[in-house]
Amino acid sequence: MLKTFTCIRCPNGCEVTIDTRSSGTSGNCCPKGAEYAREELLGPMRTIASSILVEGGDQPLVSVRLSKPIPKAQIFPVMEQIRKARVQAPVKAGAVLIANVLGLGSDVIATRSIDKE
């Protein structure tokens, strides 16, 4: 069976076709496309960008992202942890706000600084 993915690893956006039996690929302009298609087939990974409530800050929210991708199936459980989180101002950009979220080896980090009120 053949499956087709649009690769997002580089600006080319190749339409990569992968044979689900042999894992052979076609249509990719570079090795990244083949790697992406295999990952999407066997274990898709995603990153998350969101925000966390800030208490006592000059802004009510701080933008956050994951330090590395997590399994696609874990997006909603990780988002639940992010929604539950509250941090106290000040918050520095790059600060780890949730370490090793759900034991997945990825940290939730602040992407901007928030000062106290």
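Here is a walk through this structure, one region at a time. Keep in mind that what you are looking at is a predicted model.

Let's start with the sheet at the beginning of the chain. Three strands make up an open sheet in the order 1-2-3, and they pair in an antiparallel way. Strand 1 and strand 3 (25–26) sit at the edges with a single partner strand each, so one side of each has no neighbour in the sheet. Helix 1 packs on this sheet, where it touches strand 1, strand 2 and strand 3. The direction of helix 1 makes about 115° with that of strand 1.

Now look at how strand 1 and strand 2 are held side by side. Five bridges join these two antiparallel strands. To see one of the pairs, find lysine 3: its bridge partner in strand 2 is isoleucine 18. Isoleucine 18 also turns up in a nonpolar core of seven residues, which includes Phe5, Val16 and Ala37 as well.

Next to isoleucine 18 in the numbering comes aspartate 19, also in strand 2. Is aspartate 19 buried or exposed? Its relative accessibility is 18%, so it counts as buried, since the cut-off for buried is under 20%. What does its side chain do in there? A polar atom of the aspartate 19 side chain lies 2.8 Å from the backbone nitrogen of arginine 21. Leaving out residues up to four places away in sequence, aspartate 19 touches Met1, Leu2 and Gly24.

Time for the charged pairs. The model has five salt bridges. One of them brings together the side chains of arginine 9 and glutamate 35, with 2.9 Å from N to O. Where do these two sit? Arginine 9 is in the loop between strand 1 (2–6) and strand 2 (15–19), while glutamate 35 is in helix 1 (residues 31–42), so the pair ties together parts that are 26 residues apart in sequence. Arginine 9 is partly exposed, at 30% relative accessible area, and glutamate 35 is partly exposed too, at 46%.

A second salt bridge links arginine 46 and glutamate 40, whose closest N and O atoms are 2.7 Å apart. Glutamate 40 belongs to helix 1. What about its surroundings? With 12% relative accessibility, glutamate 40 counts as buried, whereas arginine 46 is partly exposed at 25%. Setting aside neighbours within four places in sequence, glutamate 40 is in contact with Phe5, Met45 and Arg46. Phe5 may ring a bell: it is among the residues of the seven-residue core.

A third salt bridge joins glutamate 80 to arginine 83, with 3.5 Å between the closest N and O atoms. These two are three residues apart in helix 2 (residues 75–84), which means about one helical turn separates them. Glutamate 80 is partly exposed at 34% relative accessibility, and so is arginine 83 at 49%. Salt bridges can also share partners, and in this model that joins Arg9, Glu35 and Glu39 into one network.

Let's move on to the largest nonpolar core, which has 19 residues. Which residues have the most contacts inside it? They are Ile52, Val62, Ile82 and Val108. Strand 5 (49–55), strand 6 (61–66), helix 2 and strand 10 (108–110) each supply at least two residues of this core. Try picking out isoleucine 82: beyond its neighbours within four places in sequence, it is in contact with Ile48, Ser50, Ser51, Ile52, Ile98 and Val108. The seven-residue core from earlier lies apart from this one.

Two of the core residues also show you how the strands here line up. Isoleucine 52 has valine 62 in strand 6 as its bridge partner. Strand 5 and strand 6 run antiparallel and are joined by five bridges. They form a hairpin with five residues between the strands, and in this hairpin glycine 56 takes a positive phi near 75°.

Strand 5 has another partner as well. Three bridges join strand 5 to strand 8 (residues 86–88), and this time the two run parallel. To spot the pairing, look for glutamate 55, which stands opposite glutamine 88 in strand 8.

Conventions
Residues numbered from 1 in each chain as written. Predicted model: local features only at pLDDT ≥ 70, side-chain atom pairs only at ≥ 80, totals over all residues. Heavy atoms only, no water. Salt bridge = Lys/Arg side-chain N within 4 Å of Asp/Glu carboxyl O. Helix = DSSP H or I, 4+ residues; strand = E, 2+ residues; numbered from the N terminus. Buried < 20%, exposed > 50% of the residue type's maximum accessible area, 1.4 Å probe, protein only. Polar contact = N/O pair within 3.5 Å; in protein donor to acceptor, adjacent residues only side chain to side chain. Contact = heavy atoms within 4.5 Å. Core = buried A, V, L, I, M, F, W, Y, C linked by side-chain atoms within 4.5 Å. Pairing = 2+ DSSP bridges. Axes fitted to C-alpha atoms, helices over the stretch in contact; angles between N-to-C directions.
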